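Grab a pencil and work through these exercises one at a time. Try each task yourself before you read the solution under it.

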Amino acid sequence: MILPKGAYIERISKKKQNLYVNGEKIEDFVEHPNIKPIVDSIGLTYDLAQQEEYKDIMVADSQFIDEPVNRFLHIYTEREDLIKRLKLARLLSGKLATCNYRCVGCDILNALYTTTYEVDEAIKTSYHERLKNYIKYVQKNDLAVSGALTDVKGNRAKSPHEQDDMYLKIVQTKEDGIVVKGAKICQSGALVVDETVVMPTIAIKQEDKAYAVSFAVESGNDDIIYVLQNNAYESKKRENPDWESGNPYGDRGTFLVIFNNVFVPWDRVFMCEEYQYAGLLVSNFSDIHRYVGSGCKAGFADTIVGASKLMAEYNGTANASHIVNKIIETVKGTEACYACGLAAGYEGVKTKSGGWLPNALYSNISKTLGLPALNNAVINLADITGGICVTSPSKNDLENPEIGQYIEHYLKGSDDVTTQDRMKLIKFVEYWISGPHLGGAIHGGGSPVTPNIFIKRLANIDKKKDLVKQLLDV
Ligand SMILES: Cc1cc2nc3c(=O)[nH]c(=O)nc-3n(C[C@H](O)[C@H](O)[C@H](O)COP(=O)(O)OP(=O)(O)OC[C@H]3O[C@@H](n4cnc5c(N)ncnc54)[C@H](O)[C@@H]3O)c2cc1C
């Protein structure tokens, strides 16, 4: 089913959440200046699905409920699904210049689809059927689903069982379900979704089997507490929710999510102590999420390229050859990352479940290309903008009756551009330079070393050595 944005907002407005922002408990969260941009971002994923122009990318035919569904809830059953998923990521990142908050949930559902099939086949469990029923439920109700992997981890040198619940764990198994305890951190959008699907963040050994757990929870659970991140942009948004903070869709709302002995009924449990398969689930998820990340970075870069060109025009430098070259450099880096993502999609493989996974090697390489591409894009944008990229006075200065005239005069660029428009763009540039997205590109989908581990395993380096040995007869 495809529902309008209003239906999503009405649903989440009715939920009672334990939310804390900057040490304060928040009741009316939907209108809160830090939360509203997240609601608006997710809202756009509903809005675009209603528009004819975007239907091909935003909407897919469900194999389960025989109805069109939002592509963020779709399971890939052909190569073309993978390609459209990548285009979906680029479309949303380009329109929002921030997170759409639905990728991780979608990617976990797809990773679970493939993994549960293989777990059931190997050890005769029935997780796959359960997962299919859950997918039918979220599709029928057009629910927004976020995804939670990242545990707080504590001392990284210790295993999960050596430090209690620094990784989320099963604390009780009951007749009707399980009870889980722990916390997931850096959770994009987790508060304002209908559902969150949870999975382990690392491969699990036998002694840690209580930590091999995957399940879905509905938002509005009394035993879950959400604490919003608090970076400079969140404070700014509270101080001045207008264009001062750069992006109307906010910076990138993530939460510490505390599971305080949360009960999960069996029909929502997709892994329960099958530690041997936690690694497979993590690697299937990583392949999908790193793949999707290349579309996400390309969409971000689309807005950086656009801002670079506009800034050059606002500053009167658009025709300078080194400025044009900087923009071309940004385009080359990001399109190379996206092209590698596309290759991962076109070289994708059908799994035993009928679901599809992107090519793992190209997916991991696209993640490693995305970080320098975004980094260089931001450097080029800062270069083109000038020092004002991080030194601009505020919107309040522009509107101040005593000094506004000076700001109006001294912050002006090209003749045909108003000072306010130039300042708005400067604030958008500042958002890219000092906002959270570079951190997101570094750690999203795993810290930089993790794709390298996969690449080393997948690149067939010894086979290439044999090629040379054969060639030279050595
Ligand atoms: C903006 C943003 C949004 C995010 N959104 C989500 C989300 O929606 N859902 C979600 O689940 N996660 C999300 N994440 C989390 C992201 O996946 C993690 O940050 C990432 O996996 C790294 O984990 P970490 O932060 O715990 O860092 P760590 O794992 O602590 O890594 C820090 C450094 O320590 C190294 N390291 C870690 N462990 C060891 C060890 N045992 N031995 C040696 N070196 C080690 C790493 O290689 C790295 O260099 C998000 C992150 C960001 C920044």
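**Exercise 1. Is S363 buried or exposed, and what does S363 touch?**

Solution. One thing to keep in mind from the start: this is a predicted model.
- Step 1: Look up the relative accessible area of S363, which is 0%.
- Step 2: Compare that with the cut-off: buried means under 20%. So S363 is buried.
- Step 3: Place S363 in the chain. You'll find S363 in helix α10, which covers residues 360-385.
- Step 4: List the contacts, skipping neighbours within four places in sequence. That leaves S286, D287, R290, Y291 and A344.

**Exercise 2. Do the same for H128: where is H128, is H128 buried or exposed, and which residues does H128 touch?**

Solution.
- Step 1: H128 sits in helix α6, residues 127-140.
- Step 2: The relative accessibility of H128 is 7%, so H128 counts as buried.
- Step 3: Leave out residues up to four places away in sequence, and H128 touches Y113, T116, Y117, D120 and S353.

**Exercise 3. Now zoom out. How many helices and strands does the chain have, and how does its radius of gyration compare with the globule rule?**

Solution.
- Step 1: Count the secondary structure elements: 16 helices and 14 strands.
- Step 2: Take the radius of gyration, 23 Å, and set it beside the 23 Å that the globule rule gives for 474 residues. The two are close, so the chain is as compact as a globular protein of that length.
- Step 3: For the outer dimensions, picture a box along the principal axes: the C-alpha atoms fill roughly 75 × 70 × 50 Å.
- Step 4: Check the inside. Of the 474 residues, 54% count as buried.
- Step 5: Check the outside. The accessible surface comes to about 20,100 Å², and 52% of that belongs to carbon and sulfur atoms.
- Step 6: Look at how the chain contacts itself. Among contacts between residues at least 6 apart in sequence, 77% join residues at least 24 apart.

**Exercise 4. Into which domains is the chain divided, and how many residues does each domain bring to the contact?**

Solution.
- Step 1: Read off the bounds: domain 1 runs over 5-277 and domain 2 over 280-466.
- Step 2: Count the residues in the contact: 52 come from domain 1 and 50 from domain 2.
- Step 3: Add the spacing: the C-alpha centres of domain 1 and domain 2 lie 24 Å apart.

**Exercise 5. How far apart are the mean positions of the positive and negative charges?**

Solution.
- Step 1: Count the charges: the chain has 54 positive and 61 negative ones.
- Step 2: Compare the mean position of each set. These lie 4 Å apart.

**Exercise 6. What is the sign of phi in D164 and in E273?**

Solution.
- Step 1: Recall the usual case: most residues other than glycine have a negative phi.
- Step 2: Take D164. Its phi is near 60 degrees, a positive value.
- Step 3: Take E273. Its phi is positive too, at about 80 degrees, although E273 is not a glycine.
- Step 4: Locate them. D164 is in the loop between β5 (145-148) and β6 (169-173), while E273 is in the loop between β12 (269-272) and α8 (278-315).
- Step 5: Judge exposure. D164 has 42% relative accessibility, so D164 counts as partly exposed. E273 is partly exposed as well, with a relative accessible area of 29%.

**Exercise 7. Where are the glycines G154, G94 and G23, and what is the exposure of each?**

Solution.
- Step 1: Start with G154, in the loop between β5 and β6. Its relative accessible area is 26%, so G154 is partly exposed. Beyond its neighbours within four places in sequence, G154 contacts Q163 and M166. Also, the C-alpha atoms of G154 and Y167 are 8.2 Å apart, with their positions 13 residues apart along the chain.
- Step 2: Move to G94, in helix α4 (residues 79-96). G94 counts as partly exposed at 29% relative accessibility. Not counting residues up to four places away, G94 touches G299 and T303.
- Step 3: Finish with G23, in the loop between β1 (18-21) and β2 (24-26). Exposed means over 50%, and G23 has 75%, so G23 is exposed.

Key. Residues are numbered from 1 along each chain as its sequence is written. This is a predicted model: local features need pLDDT of at least 70, side-chain atom pairs count only at pLDDT 80 or more; totals for chains, interfaces and linings use all residues. Side-chain values use heavy atoms; hydrogens and water are left out. Helices (H or I, at least four residues) and strands (E, at least two) are DSSP runs, numbered from the N terminus. The radius of gyration is taken over C-alpha atoms; the globule rule is 2.2 Å times the number of residues to the power 0.38. Buried means under 20% relative accessible area, exposed over 50%, partly exposed in between (1.4 Å probe, protein chains only). Contact means heavy atoms within 4.5 Å. Accessible areas come from the Shrake-Rupley method with a 1.4 Å probe; for residues, only the protein chains shown count as cover. Lys and Arg count as positive and Asp and Glu as negative; His and the chain ends are not counted. The place of a charge is taken as NZ of Lys, CZ of Arg, CG of Asp or CD of Glu. Domain bounds come from an automatic or database domain assignment.
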